Protein chains: 2
Amino acid sequence: MLKLTKKADYGLMALKFLAEHPERSALSAKDVADAYGIPAQLLAKILQQLTRSGLLRSHAGMNGGYALAREARSISAYEVILSIDGPFFITSCTKGKTGCELTTNCTIKEPLARVNETIAGVLKSISIQDLAEHEQPAARERNARELVALTL
Amino acid sequence: MLKLTKKADYGLMALKFLAEHPERSALSAKDVADAYGIPAQLLAKILQQLTRSGLLRSHAGMNGGYALAREARSISAYEVILSIDGPFFITSCTKGKTGCELTTNCTIKEPLARVNETIAGVLKSISIQDLAEHEQPAARERNARELVALTL
DNA sequence: TGTAATTCCGACAGAAACGGTCGTATACTG
DNA sequence: CAGTATACGACCGTTTCTGTCGGAATTACA
Ligand code: SF4
Ligand code: SF4
């Protein structure tokens with residue numbers, strides 16, 4: 001289903017946590033894992049992946065750990081998900097193995113690709129910074145209609 | 001990952017197909033399955049589920065089959081996904097089994113819930129009718145920023 | 001009445017994805 | 001050198017997804 005993996009979830013939490021602690025030059029995977037209840041080794045792998053993707057900067061050895069490679073404002077949730085879960089597609093017609101064989105005669109492929117772009121756009125426009133700030137839940141969803149009208 | 005299941009995918013295809021053939025009073029599951037390359041028995045179950053949810057009207061026996069219960073314009077992709085894949089949540093913190101135990105000290109739960117609503121809103125504003133019509137892919141995503149600003 | 005078409009329903013199995021662990025190697029600090 | 005930390009890959013148990021099978025109930029029609 002349309003659900004993000006816990007890995008991505010954990011990744012976002014970690015990023016947010018790092019964004020909230022700029023005073024510390026680096027936080028170890030264990031620090032973050034303990035702050036919430038995340039399995040330490042799993043989080044470690046996630047942070048390593050984020051580092052590979054260039055979202056984090058790592059430093060081994062004592063007092064080592066991870067820090068944001070860029071400012072929180074410029075890191076989008078989309079990038080995080082992309083890094084952890086791989087290419088973002090809501091449909092299965094992404095070529096490669098276990099893809100969909102109906103791509104030739106499928107008629108909803110195109111429209112769904114547009115929906116895909118819309119959702120990707122939403123994710124791209126959410127930064128780690130946004131997660132760190134807490135605003136009031138306002139009236140949302142009421143504007144969804146006009147919102148999609150622009151993109152579809 | 002943030003991917004819809006093939007079942008939902010098939011369901012949308014079928015709905016669209018039905019919407020495109022209003023002249024026929026009913027189309028059998030096999031008709032639809034053959035039109036594309038969808039496994040017939042699987043599609044049958046999907047259509048049955050959609051019927052149970054009230055999106056389709058079914059008629060057994062010869063010359064039986066399925067037809068839209070409402071007009072295509074008023075059936076949203078969200079309803080289809082909801083019917084087939086169950087409640088829509090991008091996160092795992094949906095209580096119940098295999099849920100997330102970090103809900104107490106999780107700090108991104110709230111923000112993600114808002115993202116969830118935004119995406120749900122997008123889905124809700126897309127109708128079967130929309131899928132059946134093909135418009136030009138226009139500049140989308142450029143408005144994503146302002147779009148989310150409204151909902152976040 | 002009987003037969004074919006068709007929906008309906010549950011159970012099941014294979015395959016993939018996910019969540020998590022382990023072991024070990026490497027790098028840095030002091 | 002010892003201790004702390006990242007880096008990486010292999011592995012495994014569970015869940016979810018996809019698809020199949022077998023059979024029962026409905027309806028049309030000859
Ligand atoms: S091709 Fe059509 S059916 Fe296959 S995944 Fe893409 S959208 Fe779904
Ligand atoms: S509680 Fe926090 S961590 Fe657990 S699923 Fe919800 S958002 Fe993700």
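This briefing describes how two protein chains contact two DNA strands and a ligand, and how several helices pack. The model is predicted. DNA strand C is surrounded by 28 residues, and DNA strand D by 27 residues. Residues from chains A and B surround ligand 2, so that site is shared between chains. Helix α5 of chain A and helix α5 of chain B come within 11 Å of each other, taken between their axes.

**DNA strand C**

- Among the 28 residues around DNA strand C, the closest are M1(B), S28(B), A29(B), Q48(B) and S58(B).
- Sugar or phosphate accounts for 69% of the atoms of DNA strand C within 4 Å of the protein, and bases account for the rest.
- A29(B) places a backbone N or O atom 2.8 Å from a phosphate oxygen of DNA strand C.
- Bases of DNA strand C are approached by lysine side chains: an N or O atom in the side chain of K45(A) is 3.2 Å from a base oxygen, and a polar side-chain atom of K45(B) lies 3.2 Å from a base nitrogen.
- The elements that give two or more residues to the surface near this strand are α1 (6-20) and α3 (40-52) of chain A, together with α3 (40-52), β1 (56-59) and β2 (65-68) of chain B.
- The surface near DNA strand C comprises 10 nonpolar, 13 polar and five charged residues.

**DNA strand D**

- M1(A), A29(A), S58(A), Y66(A) and K6(B) are the closest of the 27 residues that surround DNA strand D.
- Of the DNA strand D atoms within 4 Å of the protein, 69% are part of sugar or phosphate, and the rest belong to bases.
- Two phosphate contacts are listed here: a polar backbone atom of A29(A) is 2.8 Å from a phosphate oxygen of DNA strand D, and an N or O atom in the side chain of H59(B) is 3.3 Å from a phosphate oxygen of that strand.
- A base oxygen of DNA strand D lies 3.2 Å from a polar side-chain atom of K45(B).
- At least two residues of the surface near DNA strand D come from each of α3, β1 (56-59) and β2 (65-68) of chain A, and from each of α1 (6-20) and α3 of chain B.
- By class, this surface has 10 nonpolar, 12 polar and five charged residues.

**Ligand 2**

- Chain A contributes D9(A) and M13(A) to the surroundings of ligand 2, while chain B contributes S92(B), C93(B), C100(B), T103(B), C106(B) and K109(B).
- The site is therefore shared between chains.
- The shell around ligand 2 holds four nonpolar, two polar and two charged residues.

**Helix α5 of chain A against helix α5 of chain B**

- The axes of α5(A) (residues 109-124) and α5(B) (residues 109-124) come within 11 Å and cross at roughly 160°.
- That angle makes α5(A) roughly antiparallel to α5(B).
- The crossing of α5(A) and α5(B) is right-handed.
- V115(A), T118(A), I119(A), V122(A) and L123(A) meet V115(B), T118(B), I119(B), V122(B) and L123(B).
- The residues of this contact divide into eight nonpolar, two polar and no charged.

**Helices α1 and α4 of chain B**

- α1(B) packs with α4(B) (residues 77-85) at an angle of about 135°, their axes being 9 Å apart.
- The two helices, α1(B) and α4(B), are therefore oblique to each other.
- α1(B) and α4(B) form a right-handed crossing.
- From α1(B), K7(B), A8(B), G11(B), L12(B) and L15(B) meet A77(B), V80(B), I81(B), I84(B) and D85(B) of α4(B).
- Seven nonpolar, one polar and two charged residues make up the contact of α1(B) with α4(B).

**Helices α3 and α4 of chain B**

- The axes of α3(B) and α4(B) come within 9 Å, with a crossing of roughly 110°.
- α3(B) is thus roughly perpendicular to α4(B).
- α3(B) and α4(B) cross in a right-handed sense.
- I46(B), Q49(B) and L50(B) of α3(B) meet V80(B), S83(B) and I84(B) of α4(B).
- The contact between α3(B) and α4(B) has four nonpolar, two polar and no charged residues.

Notes: Residues numbered from 1 in each chain as written. Chains lettered and ligands numbered in written order. Predicted model: local features only at pLDDT ≥ 70, side-chain atom pairs only at ≥ 80, totals over all residues. Heavy atoms only, no water. Near = heavy atom within 4 Å. Polar contact = N/O pair within 3.5 Å; in protein donor to acceptor, adjacent residues only side chain to side chain. Helix = DSSP H or I, 4+ residues; strand = E, 2+ residues; numbered from the N terminus. Nonpolar A, V, L, I, M, F, W, Y, C, P; charged D, E, K, R; others polar. Axes fitted to C-alpha atoms, helices over the stretch in contact; angles between N-to-C directions. Parallel < 35°, antiparallel > 145°, perpendicular 65-115°, else oblique. Left-handed = near helix turned anticlockwise from the far one by under 90°. Contact = heavy atoms within 4.5 Å.
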